[in-house]
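Here is a friendly walk through a structure that may be new to you. Have a look at the picture, then read on for pockets, patches and charged pairs.

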Amino acid sequence: MPSQLKALRRYSKFICIMTLFLILLGALVKSTESGLSVPDWPTTYGKFMFAYPLNKMAGGIKYEHTHRMLASIVGLLTLILTLWLLKAANMPVWVKRLGIFAFLTVVAQGVLGGLTVKFFLPVWLSTFHGVLAQTFFLFVLLIAYALSIERTQRWNIEEESYNPKFLRLAIVLMGMVYVQLIIGNLMRHTQSGLAVPDFPTMGWTIFPTFDQAWLNRINAWRFENNLEPVNLNQVFINLLHRFWAFLILLKVLWLNNIAYKECLDRPLVLKTLYWLNIAVLLQITLGISTVLSHKEVYSTTMHVTVGAIVLGLSFLMVLRASPLTWRQFTEMIKN
């Protein structure tokens with residue numbers, strides 16, 4: 001194995017880890033409502049970002065400024081990765097293009113982050129900022145997998161078995177998780193996280209009535225807990241997030257049923273599904289904890305972070321269940 005390729009593989013994995021940590025920090029900024037603790041951009045209180053005194057990083061500034069600095073570092077790391085891929089010998093063109101797409105995405109993400117500050121955290125912009133972070137995570141995961149030893153070893157296998165039904169279900173699951181992250185971002189940025197403050201009941205009833213009396217009961221609880229009143233739109237977003245989570249759980253159970261009947265000869269697929277099961281259960285637990293703890297900061301932050309892990313694992317499962325060429329992939333999906 002050429003030493004340069006080995007180093008590039010490790011570097012791509014390192015960026016995946018840094019990106020996940022950046023998502024965690026972004027979630028912490030929102031969980032602590034620190035988004036405007038630093039009101040200017042790209043400077044920090046008029047100073048160059050990395051020249052801002054560390055002894056002044058207190059309260060919300062600590063979270064927001066750290067998030068900005070790490071985002072800049074991830075952007076620089078991505079630029080280095082892109083240039084490395086472009087200069088690497090015998091690197092497939094599609095991998096080089098992925099590097100360019102990843103760099104453009106991280107630049108767009110940085111600009112969106114700045115605009116959220118400039119325009120005082122508008123809902124649509126903040127939501128798009130959060131979703132684009134997850135999209136960038138998928139880009140770097142795909143690059144890391146394209147460079148991996150696992151993928152190289154799969155090329156050397158004369159014939160692999162594939163299950164079109166499982167692959168289609170895995171793709172649907174990944175899409176559902178991505179949609180759930182969009183709903184989750186929208187819920188956070190519309191302040192809908194406690195629009196339904198109880199679980200497993202919803203507004204202290206098993207079947208929501210969606211009438212004014214039901215909404216008044218929720219807002220009475222929010223008043224007693226010094227929270228702003230919510231409207232039915234916020235309630236719908238909250239319940240949609242819960243309902244979609246339930247559908248994802250059903251889809252995961254269905255995938256398990258198919259996998260352990262028809263994919264026993266694909267140990268990597270089963271291993272990924274095993275970790276995905278754990279991540280989904282942990283994510284559900286954190287979601288319930290977020291509600292019951294009334295959005296305690298660390299439970300809420302980890303709920304967002306584990307959501308990114310679920311997305312990453314579902315994407316990895318699609319990659320491992322798929323043929324290695326685009327032509328074979330499209331043919332398999334159509335069959």
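A residue is called buried when its relative accessible area is under 20%, exposed when that value is over 50%, and partly exposed in between. Keep those cut-offs in mind, and remember that what you see is a predicted model.

**Charged pairs**

Let's start with the salt bridges: the count comes to four. Three of them are described here.

Take helix H11, which covers residues 326–334 and holds both Glu331 and Arg327. These two form a salt bridge, with 3.2 Å between the closest N and O atoms. They sit four residues apart, or about one turn of the helix. Is Arg327 buried or exposed? Its relative accessible area is 53%, so Arg327 is exposed. Glu331 has a relative accessible area of 40%, so this partner is partly exposed.

Helix H2 has a pair of its own. Arg68 forms a salt bridge with Glu64, and their closest N and O atoms are 3.0 Å apart. Because Arg68 and Glu64 are four residues apart in helix H2, about one helical turn separates them. Both Arg68 and Glu64 are buried.

Then there is the salt bridge between Arg320 and Glu150, where the closest N and O atoms are 2.7 Å apart. This pair ties together distant parts of the chain: Arg320 is in helix H10, Glu150 is in helix H5 (residues 149–155), and their positions lie 170 residues apart in the numbering. Arg320 counts as buried because its relative accessibility is 14%. Glu150 is buried too, with a relative accessible area of 15%.

Here are the three pairs side by side:

| Salt bridge | Closest N and O atoms |
|---|---|
| Arg68 and Glu64 | 3.0 Å |
| Arg320 and Glu150 | 2.7 Å |
| Glu331 and Arg327 | 3.2 Å |

**A pocket among helices**

Helix H10 turns up again in the second largest pocket, which has a volume of about 540 Å³. Its lining is made of 17 residues, and Lys13, Cys16, Leu141, Ala144 and Leu316 lie nearest the centre. Which elements give two or more residues to this lining? They are helix H1 (3–31), helix H4 (123–147) and helix H10 (297–321). Helix H10 gives the most, with seven residues. Sorted by class, the lining has 12 nonpolar, two polar and three charged residues.

**A nonpolar patch on the surface**

Now back to helix H2, this time for the surface. Leu76, Leu79, Ile80, Leu83, Leu86, Ile100, Phe101 and Leu104 make a nonpolar surface patch of about 680 Å². Two or more of the patch residues come from each of helix H2 (60–87) and helix H3 (93–118). Helix H2 gives the most to the patch, with five residues.

Leu83 is one of the patch residues and has its place in helix H2. Why does Leu83 count as partly exposed? The reason is its relative accessibility of 43%, a value in between the cut-offs of 20% and 50%.

**One more stop**

Finally, find Asn216 in helix H7, which runs over residues 212–224. Asn216 is partly exposed, because its relative accessible area is 40%. How far apart are Asn216 and Ile182 in space, C-alpha to C-alpha? The distance is 28 Å, and in sequence Asn216 and Ile182 are 34 residues apart.

Conventions. Residues are numbered from 1 along each chain as its sequence is written. This is a predicted model: local features need pLDDT of at least 70, side-chain atom pairs count only at pLDDT 80 or more; totals for chains, interfaces and linings use all residues. Side-chain values use heavy atoms; hydrogens and water are left out. On a 1 Å grid over the protein atoms alone, a cavity is a set of points where a 1.4 Å probe fits but cannot get out, and a pocket is an open set with protein on both sides within 12 Å along at least five of seven lines; lining residues have an atom within 4 Å of a point. Grid points are joined across faces, edges and corners, and a volume is the space filled by probe spheres set on the points. Ala, Val, Leu, Ile, Met, Phe, Trp, Tyr, Cys and Pro count as nonpolar, Asp, Glu, Lys and Arg as charged, and the others, Gly among them, as polar. Patches are made of residues with over 30% relative accessible area and no salt bridge: like charges are joined within 9 Å, nonpolar side chains (Val, Leu, Ile, Met, Phe, Trp, Tyr) within 5 Å. Accessible areas come from the Shrake-Rupley method with a 1.4 Å probe; for residues, only the protein chains shown count as cover. A salt bridge is a side-chain nitrogen of Lys or Arg within 4 Å of a carboxyl oxygen of Asp or Glu. Buried means under 20% relative accessible area, exposed over 50%, partly exposed in between (1.4 Å probe, protein chains only).
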